[in-house]
Amino acid sequence: ACKKDGTQLEVLKNLEHQIEQVHCGHISRSQSRSSPEDRSEEDPLLDVRNELKHHVKQFNEKDNLNFERLVDRYRRHTTDWARKGGIADILRHAVHVCAWIAFGTRTFGRKREDVLSELTALLCQMLAAKGRIRPTPRLARSLKYVEELCQDFASSNESFPWAVDCLCAVQGVLADYAHDDAADAPSWRPRGKRMEKQAVPGTHGRTDHALVRRVLGDKMANLPEGVNIYWDGRQQRWYATNKGQHWRGSNAKANKFASDEDAIVFVYGVLTQG
């Protein structure tokens with residue numbers, strides 16, 4: 001788990017400020033109508049989302065899985081890989097853990113929060129074991145989904161220390177990844193050409209808005225000003241807000257719909273028909 005140092009305190013401080021701004025109606029949880037350069041990362045981000053969902057589907061179809069043995073096996077392998085310099089194996093398998101955290105539905109007879117606590121602790125171990133090795137773009141994008149789930153838990157009225165610990169670890173890795181990308185960017189500017197600002201992978205905004213834009217397309221223009229559609233990872237629902245306030249009747253629990261896309265269309269219907 002992430003130690004309670006200055007980094008974690010900064011994460012908590014930023015999170016508290018964001019929650020206060022949302023409750024005061026000053027900002028939404030994120031910007032659903034982002035600028036064009038922010039959207040340059042959306043296709044690969046959503047491609048990774050499909051990969052994570054597919055991995056969870058395969059995971060759900062496996063018989064005779066024992067959760068304790070599974071986590072223990074990943075912990076032992078992580079220690080072994082780190083000792084032998086197999087960081088590539090850690091990075092690859094960390095994506096699996098991200099999928100289970102962000103989109104997993106199997107709870108093995110446990111409370112969902114208990115499963116998430118074990119899995120986020122495992123992910124923190126794997127991220128620490130990789131050392132200063134740069135994560136792959138695939139892992140960085142996968143971590144974005146984990147980050148948002150942890151934010152949804154950490155911003156609730158209940159206490160979920162595991163979410164704060166994981167949020168600290170994940171945001172630290174994403175910050176280093178963004179810094180490395182900035183350092184690798186060319187410092188020169190081609191003469192006579194305008195340089196376009198490129199969004200750093202995994203840092204451009206909430207992933208739920210990327211999916212909402214893909215599903216609704218031009219219909220986004222029909223949404224009233226100040227209305228946004230969000231995914232709540234804690235309660236596993238899609239819903240809408242109007243200038244930061246919950247839109248009554250817009251809840252779409254994931255287990256009630258065949259897909260997230262269907263749930264988003266339902267919320268859109270509530271907004272445009274009511």
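Let's start with the rings: a search of the whole structure, which is a predicted model, turns up 11 aromatic pairs. One of them joins Phe103 and Tyr145, whose ring centres are 5.5 Å apart with planes at 55°, so the pair counts as tilted. Phe103 belongs to helix 4 and Tyr145 to helix 6 (residues 137–154), so this pair ties together parts that lie 42 residues apart in sequence. Both Phe103 and Tyr145 are buried.

Another tilted pair is made by Tyr230 and Tyr239, with 5.8 Å from centre to centre and 35° between the planes. Are these two tyrosines buried or exposed? Tyr230 is buried, since its relative accessibility is 1%, and Tyr239 is buried too, because its relative accessible area is 7% and the cut-off for burial is under 20%. Tyr239 has a charged neighbour as well: Arg237 lies over the face of its ring, at 4.3 Å from the ring centre.

Ring pairs also link Phe59, Phe67, Tyr74, Trp100 and Phe108 into a cluster. Here, Arg106 sits over the face of Phe59, 5.7 Å from the ring centre. Phe108, another member of the cluster, deserves a look at its backbone. This residue is in the loop between helix 4 (87–103) and helix 5 (112–129), and its phi is positive, about 55°, although Phe108 is not a glycine. Most residues other than glycine have a negative phi. With a relative accessible area of 27%, Phe108 is partly exposed, because that value falls between the 20% and 50% cut-offs.

Now follow the chain to the strands. Strand 1 (residues 227–232) is mostly covered, with six of its six residues buried. Which residues point each way from strand 1? Val227, Ile229 and Trp231 face one way, while Asn228, Tyr230 and Asp232 face the other, and all of them are buried. Strand 1 pairs with strand 2 in the antiparallel sense over six bridges, and within this pairing Ile229 has Ala240 of strand 2 as its bridge partner. The two strands form a hairpin with four residues between them, and Gln236 in the turn has a positive phi of about 50°.

A little further on, Lys243 is found in the loop between strand 2 (237–242) and strand 3 (245–246). Lys243 also has a positive phi, near 55°, and is a residue other than glycine. Is Lys243 buried or exposed? The answer is exposed, because its relative accessible area is 61% and the cut-off is over 50%.

Ala263, in helix 9 (residues 260–273), brings us back to the strands. The C-alpha atoms of Ala263 and Tyr239 are separated by 8.9 Å, with their positions 24 residues apart along the chain. Leaving aside residues up to four places away in sequence, Ala263 touches Trp238, Ala252 and Phe257. Ala263 is buried, as its relative accessibility is 1%.

Finally, consider the nonpolar interior. In soluble globular proteins, nonpolar side chains tend to be buried together. The largest nonpolar core here has 70 residues, of which Leu123, Leu143 and Trp238 touch the most other members. Helix 4 provides the largest share of this core, 12 residues. What does Leu123 touch, beyond residues up to four places away in sequence? Its contacts are Ala94, Val97, Cys98, Ile101, Leu143, Val146, Cys166 and Val170.

Technical notes:
Residues are numbered from 1 along each chain as its sequence is written. This is a predicted model: local features need pLDDT of at least 70, side-chain atom pairs count only at pLDDT 80 or more; totals for chains, interfaces and linings use all residues. Side-chain values use heavy atoms; hydrogens and water are left out. Buried means under 20% relative accessible area, exposed over 50%, partly exposed in between (1.4 Å probe, protein chains only). Contact means heavy atoms within 4.5 Å. Rings of Phe, Tyr and Trp (its six-membered ring) pair if their centres lie within 6.5 Å; planes under 30 degrees apart count as stacked, over 60 as edge-to-face and the rest as tilted. A charge sits over a ring if NZ of Lys or CZ of Arg is within 6 Å of the ring centre and within 35 degrees of the ring normal. A nonpolar core is a set of buried Ala, Val, Leu, Ile, Met, Phe, Trp, Tyr and Cys residues joined through side-chain atoms within 4.5 Å. Two strands pair if DSSP finds at least two bridges between them.
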